[in-house]
Structure formats: C-alpha cells, structure tokens
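Student: Please take me closely through a single part of this model, and then through the parts around it. I would like each term explained with its cut-offs as you go.

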Amino acid sequence: MIHKILRHGADVLHHPSTLVTNVTPEIQSLIDDMVQTMYSANGIGLAAPQIGVALRIFVVDLSVGQNIDDLIIFVNPILTKKEGTQLEEEGCLSLPGFNSKIIRPEKATVTGLNREGGSHTIEATGLLARAFQHEIDHLDGKLFVDRLKGLQKSLILRRVKKLSRTGKW
Ligand code: ZN
C-alpha cells in the first residue's frame, strides 16, 4: 500500500523513533509499503517516520526500482564507522522543492537487520553513504535542514512556514 509522505512540521518527523523488537509479518508488510511508497515518489530512500510510523526502519534504492539488487532494507540500523567528508546537494521527500549542500562523511558502515530479521552490514561510500546517514538522521528525528546553520536554515524554514500558512504544504 502506498502511504502519504509526511512533510516537515509533522510531529513524528521531529522526534527519535523506537527500536523494533521483532521482525514480525506486520513489520515486513510495513517494509513492503515503505518500498512501494518510496518508488511511487521516485525517491532513493525512505524512513518509517516519513509515513507516520515511529520505528527504526529505513529503505534505500539508488536505482529507484530499476535494479532489484540495489534495494537495501535496514531495521534498527547503527552507524558503526564513518570516514572522510563529502559536500553534496541533498533533498528529502519530506521537504519537497528544497535542497542544500550538506557535509557528510564520505564513507559509512551500517549494521542492522534485514527484512528477514537476519543481521547484515554494508560499507558504503559516496551517495549510498550519504543516503544511509540521511535516513538514520530521520530515525533520530532530524531532517537535513537541521544540519544547516544561519541564513541557509532560516530561509528554508521561513519558506516552509509561508507555504503551510497558505495551505500549500
Ligand atoms: Zn529525507
């Protein structure tokens, strides 16, 4: 089932999500919904709080459904290693129409559970490393705009506020 993607300002996006205790059939069906929702929005990543579920789950697919092997699922992900830096444009399905250059580590190693509840670890670089860190931020109640400072940050927040005021958000 395709869900509505919540936008900046929705409560669940601004609080840390909780650990999944068991990868049950209900959790697997939630994961499948997340994958469908991500593809329908042409996104490369989606975290559970973005569809209103405060659980530590994210899905990433840099091929946006073109290559089945590119779909990565993490339940209870932990960033175990990070290295270097990269500065690239970043966007978010919860902040449509906005993007900013964000500094992130160039390499990131993430460990967690897969869709079957088994553990897996992925060492990522570049865009994949960025996607992992962006999604883990979601699970910690952070959006990319929270990593900005000063004028850059206030400009986006002001525009979002204006859009919400006029019912366009
Ligand atoms: Zn996002």
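The pocket and its surroundings

Tutor: Helix H2 supplies the largest share of the lining of the largest pocket, 6 residues. Helices (H or I, at least four residues) and strands (E, at least two) are DSSP runs, numbered from the N terminus. Residues are numbered from 1 along each chain as its sequence is written, and side-chain values use heavy atoms, with hydrogens and water left out. The model is predicted, so that local features need a pLDDT of at least 70 and side-chain atom pairs count only at pLDDT 80 or more, whereas totals for chains, interfaces and linings use all residues.

The largest pocket holds about 240 Å³ of space. It is lined by 17 residues, and those closest to its centre are Ile44, Gly91, Cys92, His134 and Glu135. E4 and H2 are the elements that give two or more residues to this lining. A pocket is found on a 1 Å grid over the protein atoms alone, as an open set of points where a 1.4 Å probe fits, with protein on both sides within 12 Å along at least five of seven lines, and a lining residue has an atom within 4 Å of a point. Grid points are joined across faces, edges and corners, and the volume is the space filled by probe spheres set on the points. By class, the lining has 6 nonpolar, 7 polar and 4 charged residues, where Ala, Val, Leu, Ile, Met, Phe, Trp, Tyr, Cys and Pro count as nonpolar, Asp, Glu, Lys and Arg as charged, and the others, Gly among them, as polar.

Cys92 and His134, which are among the residues closest to the pocket centre, return as ligands of the metal. The zinc ion has as its protein donors Cys92 (SG), His134 (NE2) and His138 (NE2), which lie 2.1 to 2.2 Å from it, and the spacing of these residues in sequence is C-x41-H-x3-H. Because Cys92 is in the loop between strand E4 (86-91) and strand E5 (99-104), while His134 is in helix H2 (residues 126-139), the pair ties together parts that are 42 residues apart in sequence. Donors are N, O and S atoms within 2.8 Å of the metal (3.2 Å for Na, K and Ca), and since water is not among the atoms, sites may look incomplete.

Cys92 and His134 are both buried, a word that means under 20% relative accessible area, with exposed over 50% and partly exposed in between (1.4 Å probe, protein chains only). His138, also in helix H2, is buried with a relative accessible area of 1%. Apart from neighbours within four places in sequence, His138 is in contact with Leu13, Ala47, Pro49, Gln50, Cys92, Ser94 and Leu143, contact meaning heavy atoms within 4.5 Å.

The strand that follows the loop of Cys92, E5, contains Ser100, which counts as buried at 6% relative accessibility. Beyond four places in sequence, the contacts of Ser100 include Glu88, Glu89 and Glu90, together with Phe144, Leu148, Gln152 and Ile156.

One contact of His138, Ala47, leads to the strand pairings. Strand E1 (residues 45-47) pairs with E2 in the antiparallel sense over 3 bridges, two strands being paired if DSSP finds at least two bridges between them. Gly45 stands opposite Val60 in E2, and Val60 has Ile72 as its bridge partner in E3. E2 and strand E3 (residues 72-83) are antiparallel and joined by 4 bridges. In a regular strand the side chains alternate between the two faces of the sheet. In strand E2 (residues 57-60) both faces are covered, with Ile57 and Val59 on one side and Phe58 and Val60 on the other, all of them buried.

From E3 the pairing goes on to strand E6 (residues 107-113), antiparallel over 6 bridges, where Leu79 faces Val110. E6 in turn pairs with strand E7 (residues 119-125), antiparallel over 7 bridges, and Gly112 has His120 as its partner there.
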